[in-house]
Amino acid sequence: AWQEGARLAALRPASRGTAVLKKLLNLNVLKAAAAVVLIGVGATAAYHKITTPNVSTYATAVGGHRTLTLPDGTVIELNTDTVVSIANDLAERRVWLTKGEALFEVKHDARHPFTVIAGDHKVTDLGTKFVVRQTAGSVEVALIEGRAQFESIGGSAPRSTELAPGEVAVATGNSMSVTKLPVKQVADELAWRQGLLVFDSTTLADAVAEFNRYNTDKIVIRDPSLLRLRVNGTFPVHARHDFAEVARAVFGLRAQDKDSEILISH
């Protein structure tokens with residue numbers, strides 16, 4: 001209609017009435033456009049309010065360690081390079097582990113189950129103390145005390161198992177396995193709470209991978225034939241040079257500092 005009106009106006013001299021009409025039409029168009037924008041913004045805000053959970057997010061840097069105490073008495077310890085989001089709704093009692101590793105000492109409440117979601121997997125407290133660790137391809141849950149339900153909530157074939165103390169479940173996109181660990185090994189895997197790494201006949205590859213989790217400066221094994229060597233010992237998480245010195249002394253290897261790396265080779 002505006003286009004047709006413009007054509008008609010072009011056929012006669014401009015007048016004050018035409019100018020006023022044009023201003024009014026322009027004003028109405030602007031108001032309509034503004035209304036559309038506001039509706040869009042409002043719809044977007046409403047969408048985010050509905051789809052985004054009300055959470056608080058906490059993180060540790062590489063080598064960091066942080067303890068959180070929730071209002072219900074639950075304690076969460078974050079290990080190195082870890083991110084968790086905690087529901088602010090106290091009745092929901094839900095945590096999302098985005099990456100890293102955390103120990104959960106849950107204050108049990110049968111009416112309000114405590115749930116940890118890690119990727120496509122979920123751990124539900126049944127009166128529990130447990131550790132959840134998420135890597136790029138898997139989720140690992142180690143039960144320290146009590147009981148916990150571990151479920152895969154994604155994929156075409158959901159799986160579920162109830163864990164007992166000392167059991168460790170490892171789940172990938174299409175599998176889940178459960179093993180029973182000796183008490184000492186479970187304690188060793190929690191040594192990070194004291195800032196320590198404990199190796200008991202651990203391959204050099206796995207020991208180096210653990211050190212690299214806690215340090216921005218990395219250890220690099222240059223010779224693949226060394227990866228299966230077995231090491232024993234207890235080290236502070238940041239003692240990369242002490243570890244390299246032990247590798248040199250025990251196995252006769254070379255340890256060379258280069259830029260931000262320690263290179264280990266024959």
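**Figure 1. Helix H4 is mostly covered in this predicted model, with eight of its eleven residues buried.** The legends here all describe a predicted model, so please read each view in that light. The buried residues of H4 start with Leu204, Ala207 and Val208, and they continue with Glu210, Phe211, Asn212, Arg213 and Tyr214. The cover over these buried residues includes strands E5, E7 and E12, along with strand E13 (218–221), strand E14 (230–236) and helix H5 (240–251). Glu210 and Phe211, both among the buried residues of H4, come back in the next two views. Glu210 is one of the residues nearest the centre of the largest pocket, and Phe211 belongs to a cluster of rings.

**Figure 2. The largest pocket holds about 690 Å³ of space.** Its lining is made of 28 residues, and Arg133, Gln185, Glu189, Val198 and Glu210 are the ones that lie nearest the centre. Five elements give two or more residues each to this lining: strand E7 (121–134), strand E8 (139–152), helix H3 (183–189), strand E12 (196–203) and helix H4 (204–214). Which element gives the most to the lining? That is E12, with eight residues. Sorted by class, the lining of the largest pocket has 13 nonpolar residues, eleven charged ones and four polar ones.

**Figure 3. Phe199, Phe211, Phe235 and Phe243 form a cluster linked by ring pairs.** Across the whole structure, a search finds eight aromatic pairs. A pair in another part of the chain makes a useful starting point: the rings of Phe104 and Phe114 have centres 6.2 Å apart and planes at 55°, so this pair is tilted. Phe104 sits in strand E5 (residues 94–105), whereas Phe114 sits in the loop between E5 and strand E6 (115–118), so the pair ties together parts that are ten residues apart in sequence. Both rings belong to buried residues, with Phe104 at 0% relative accessibility and Phe114 at 1%. Turning to the cluster, the rings of Phe235 and Phe243 have centres 5.4 Å apart and planes at 80°, so that pair is edge-to-face. Phe235 is buried with a relative accessible area of 8%, and Phe243 is buried at 1% relative accessibility.

**Figure 4. Strand E4 (residues 83–87) has five of its five residues buried, so this strand is largely enclosed by the rest of the structure.** Val83, Ser85 and Ala87 point one way from E4, while Val84 and Ile86 point the other way, and all are buried. E4 pairs with strand E1 (residues 55–59) in the antiparallel sense, over five bridges. Look for Val55 in this view, as its bridge partner in E4 is Ala87. E4 also runs antiparallel to E5, joined to that strand by four bridges. Here Ser85 stands opposite Trp96 in E5. The hairpin of E4 and E5 has six residues between the strands, and in it Arg93 takes a positive phi near 50°.

**Figure 5. Thr115, placed in strand E6, is a buried residue.** How much relative accessible area does Thr115 have? The value is 8%, and Thr115 counts as buried because the cut-off is under 20%. Leaving aside residues up to four places away in sequence, Thr115 touches Arg93, Arg94 and Val95, as well as Lys122, Val123 and Thr124. Arg93 will be familiar from the previous view, where this residue takes a positive phi in the hairpin of E4 and E5.

**Figure 6. Strand E10 (residues 167–171) pairs with E8 and with strand E11 (residues 176–180).** The pairing of E8 and E10 is antiparallel and runs over four bridges. To find your way in this pairing, start at Glu140, which stands opposite Val170 in E10. The pairing of E10 and E11 is antiparallel too, over five bridges. In that pairing, Ala171 stands opposite Met176 in E11. How many residues does the hairpin use to join E10 to E11? The hairpin goes through four residues. E8 also links this view to the pocket, as one of the elements that give two or more residues to the lining of the largest pocket.

Conventions: Residues are numbered from 1 along each chain as its sequence is written. This is a predicted model: local features need pLDDT of at least 70, side-chain atom pairs count only at pLDDT 80 or more; totals for chains, interfaces and linings use all residues. Side-chain values use heavy atoms; hydrogens and water are left out. Rings of Phe, Tyr and Trp (its six-membered ring) pair if their centres lie within 6.5 Å; planes under 30 degrees apart count as stacked, over 60 as edge-to-face and the rest as tilted. Buried means under 20% relative accessible area, exposed over 50%, partly exposed in between (1.4 Å probe, protein chains only). On a 1 Å grid over the protein atoms alone, a cavity is a set of points where a 1.4 Å probe fits but cannot get out, and a pocket is an open set with protein on both sides within 12 Å along at least five of seven lines; lining residues have an atom within 4 Å of a point. Grid points are joined across faces, edges and corners, and a volume is the space filled by probe spheres set on the points. Ala, Val, Leu, Ile, Met, Phe, Trp, Tyr, Cys and Pro count as nonpolar, Asp, Glu, Lys and Arg as charged, and the others, Gly among them, as polar. Two strands pair if DSSP finds at least two bridges between them. Contact means heavy atoms within 4.5 Å.
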